[in-house]
Amino acid sequence: MASIADLPPADRRRFTHMETLTISPHPTGPEHGCETAAREIAEAVCRLYGGDAWQAEHRSPAWPHAENELHSELTIRVNNLRTIVHRHTVPAHTQCDLFTLTVDGRPVPAHRPSHGLPHQPATIVANLWRDLHRVAPTGCDSLGCPEMPTILTYGAALCPTHAQRYAATGLI
């Protein structure tokens, strides 16, 4: 199959359907790989924002395909007051992983960890902590760019303009 668009409409749904997994505060049995990390993130985010209750959902494609740009999305609601969303996207037909984090729809400045990965719980919570405590963000990792980075890759924190360039060319 060259493209999802080439499929008949009835078959297209199978490749574009997103599965939603509700993360519970207490495990109820065997878990998928993302559930433990999602729970760890939700608990840490709840503590960070001084909450006493959280709800979390994880979405991912039922059938991964090179044209499914959304690889995963974790949504956490703390006390039904704050909504935190961590998204992992890969532009179609590329291998350029992009990670974004928002609080109530506002992009969170991205800080590249020195020895962590953008999807690890410690990195996500550290970026939220820096945002909550108003730690000044560093500039974009693209040479000479003073813009605020809001997108992490494996190895760089980029502003939206340079993240688009990275997605299109693979170059930072």
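Which residues lie nearest the centre of the largest cavity? The points below take up this question along with the largest pocket and a pair of helices.

1. Basis. The model is predicted, so local features need pLDDT of at least 70 and side-chain atom pairs count only at pLDDT 80 or more, while totals for chains, interfaces and linings use all residues. Residues are numbered from 1 along each chain as its sequence is written, and side-chain values use heavy atoms, with hydrogens and water left out.

2. Largest cavity. Phe99, Thr100, Leu101, Asn127 and Leu152 lie nearest the centre, among 13 lining residues. A cavity is a set of points, on a 1 Å grid over the protein atoms alone, where a 1.4 Å probe fits but cannot get out; lining residues have an atom within 4 Å of a point. The volume is about 80 Å³, taken as the space filled by probe spheres set on the points, which are joined across faces, edges and corners. Strand 5 (98-103) and helix 3 each give two or more residues to this lining. Helices (H or I, at least four residues) and strands (E, at least two) are DSSP runs numbered from the N terminus. The lining has eight nonpolar, five polar and no charged residues. Here Ala, Val, Leu, Ile, Met, Phe, Trp, Tyr, Cys and Pro count as nonpolar, Asp, Glu, Lys and Arg as charged, and the others, Gly among them, as polar.

3. Second largest cavity. The structure holds two cavities of 30 Å³ or more. The second largest has a volume of about 50 Å³, and its lining includes His111, Asn127, Arg130 and Asp131. Four nonpolar, three polar and two charged residues make up that lining.

4. Largest pocket. A pocket is an open set with protein on both sides within 12 Å along at least five of seven lines. The largest one encloses about 240 Å³ of space. Its lining comprises 15 residues, with Cys34, His58, Ser72, His86 and His119 closest to the centre. Helix 2 (33-48), strand 3 (70-78) and strand 4 (82-89) each supply at least two of them, and helix 2 gives the most, with five.

5. Helix pair. The axes (lines fitted to C-alpha atoms, for helices over the stretch in contact, with angles from 0 to 180 degrees between N-to-C directions) of helix 2 and helix 3 (residues 121-132) come within 9 Å and cross at roughly 20°. Helix 2 is therefore roughly parallel to helix 3, a term for angles under 35 degrees. In contact (heavy atoms within 4.5 Å), residues of helix 2 including Ile41 and Val45 meet residues of helix 3 including Leu128 and Trp129. The contact comprises 11 nonpolar, no polar and one charged residue.

Notes: Angles under 35 degrees count as roughly parallel, over 145 as roughly antiparallel, 65 to 115 as roughly perpendicular and the rest as oblique.
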